[in-house]
Amino acid sequence: MNFYLKIIKPTFDFLAALVGLLMLSPVFLSLIIILTVTNKGEPFFKQKRTGKNGKIFTILKLKTMTDKTDDQGVLLPEMERITTIGNICRKFSLDEIPQLINILKGDMSLIGPRPLLPRYLPYYSKEQNRRHEVMPGITGWAQINGRNTITWEKRFDYDVYYVDHVSFFFDLKILWGTFHKLIKRDDVNYSETSEMPGFDLMSKKKGEKNL
């Protein structure tokens, strides 16, 4: 398994990301131009995420929402800010294309636990924190088993299961499951957190109930 994780998997990730970017470049460049106009010069969404061994990196996505705010300067709900082209991008997971650049930079893998916000770090249990033992991925075991339709705890159970069972054939299984869901467009939500409260907020509420 170590040989697979250290040599085969990162080599495959790099080559797959490079080929993927070249093949998708016409679509990618077209979306950049459209989103640059739609989002007033900002085609990319950038956010800090937690990677392998807790390392913080900047994840790249295509910007699918405007920055519209209410009268008090608070951002409007996501459903009110998502653009028409942004909705199409999310529906077909086109907003994830820039993460191929993250793979080329060595921040991510094709397959692994989804990288989450750094502010969640203090709230993981010791077992849940094991999700950071491997490189985060564009897709993963949790993503083909419910994505945002399952609880945070269940998602982390799937992540740790992946860490304990990662292999070439397991990754192939996840890739196949991802393609199947993309074709059927199952479990597609508008963002990684839009359909459920943040993990930190959930943890705080549980802590308050136990007082």
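In what order do the elements of the protein run from the N terminus on? The answer is α-β-β-α-α-α-β-β-α-α-α, which adds up to 7 helices and 4 strands. Keep in mind as you look around that this is a predicted model.

Let's start with the whole chain. Of its 211 residues, 45% count as buried. Take the contacts in the protein with a separation of 6 or more: 69% of them join residues 24 or more positions apart. On the outside, the protein exposes about 11800 Å², and 62% of that area is supplied by carbon and sulfur atoms.

Now go inside. The largest nonpolar core has 31 residues, and the members that touch the most other members are Leu100, Ile103, Trp141, Tyr162 and Ile174. Several elements feed this core with at least two residues each: helix 1 (2–38), strand 2 (56–62), helix 3 (84–91), helix 4 (99–105), strand 3 (109–111), helix 5 (152–165) and helix 6 (168–184). Helix 1 gives the largest share, with 7 residues. There is also a second, separate core of 7 residues, with Leu116, Leu117, Trp152 and Phe199 among its members.

Tyrosine 162 is a good place to stop and look around. Leaving out residues up to four places away in sequence, Tyr162 touches Lys9, Ile111, Gly112, Pro113, Val134, Trp141, Phe170, Asp171 and Ile174. Two of those partners, Trp141 and Ile174, are also on the list of core residues that touch the most other members.

Next, try phenylalanine 156, which sits in helix 5. Is it buried or exposed? Phe156 counts as buried because its relative accessibility is just 1%, and the cut-off for buried is under 20%. Beyond its neighbours within four places in sequence, Phe156 is in contact with Leu116, Tyr124, Gln128, Arg131 and Phe199. Leu116 and Phe199 are names you have already met, as both belong to the second core. If you'd like a backbone distance to check in your viewer, the C-alpha atoms of Phe156 and alanine 142 are 7.8 Å apart, with the two positions 14 residues apart in sequence.

Cysteine 89 makes a nice companion case over in helix 3. With a relative accessible area of 1%, Cys89 is buried too. Setting aside residues up to four places away in sequence, Cys89 touches Leu31, Thr64, Leu94 and Asp95. For Thr64, which is 25 residues away along the chain, the C-alpha to C-alpha separation from Cys89 is 7.2 Å.

What about proline 10, found in helix 1? Pro10 counts as partly exposed because its relative accessibility is 36%, which falls between the 20% and 50% limits. Apart from residues up to four places away in sequence, Pro10 touches Tyr4 and Leu5. Its C-alpha atom lies 8.8 Å from that of isoleucine 103, a residue 93 positions away along the chain. Ile103, you may recall, is one of the core residues that touch the most other members.

The loops have something for anyone who likes Ramachandran plots. Asparagine 53 isn't a glycine, yet its phi is positive, at about 60°. You'll find Asn53 in the loop between strand 1 (44–50) and strand 2. Serine 93 shows a positive phi as well, near 60°, and serine 93 is a residue other than glycine. Ser93 belongs to the loop between helix 3 and helix 4. Which of the two is exposed and which is buried? Asn53 is exposed, with a relative accessible area of 64%, whereas Ser93 counts as buried at 17%.

Finally, where is there empty space? Rolling a probe the size of a water molecule over the atoms shows where empty space is left. Here the count is 1 cavity of 30 Å³ or more, and the space in the largest cavity is about 30 Å³. The lining consists of Thr50, Gly51, Lys52, Pro113, Arg114, Pro115, Arg131, His132, Val134 and Pro136. By class, that makes 4 nonpolar, 3 polar and 3 charged residues. Some of these names link back to earlier stops: Pro113 and Val134 are among the residues that Tyr162 touches, and Arg131 is one of the contacts of Phe156.

Methods. Residues are numbered from 1 along each chain as its sequence is written. This is a predicted model: local features need pLDDT of at least 70, side-chain atom pairs count only at pLDDT 80 or more; totals for chains, interfaces and linings use all residues. Side-chain values use heavy atoms; hydrogens and water are left out. On a 1 Å grid over the protein atoms alone, a cavity is a set of points where a 1.4 Å probe fits but cannot get out, and a pocket is an open set with protein on both sides within 12 Å along at least five of seven lines; lining residues have an atom within 4 Å of a point. Grid points are joined across faces, edges and corners, and a volume is the space filled by probe spheres set on the points. Ala, Val, Leu, Ile, Met, Phe, Trp, Tyr, Cys and Pro count as nonpolar, Asp, Glu, Lys and Arg as charged, and the others, Gly among them, as polar. Buried means under 20% relative accessible area, exposed over 50%, partly exposed in between (1.4 Å probe, protein chains only). Contact means heavy atoms within 4.5 Å. Accessible areas come from the Shrake-Rupley method with a 1.4 Å probe; for residues, only the protein chains shown count as cover. A nonpolar core is a set of buried Ala, Val, Leu, Ile, Met, Phe, Trp, Tyr and Cys residues joined through side-chain atoms within 4.5 Å.
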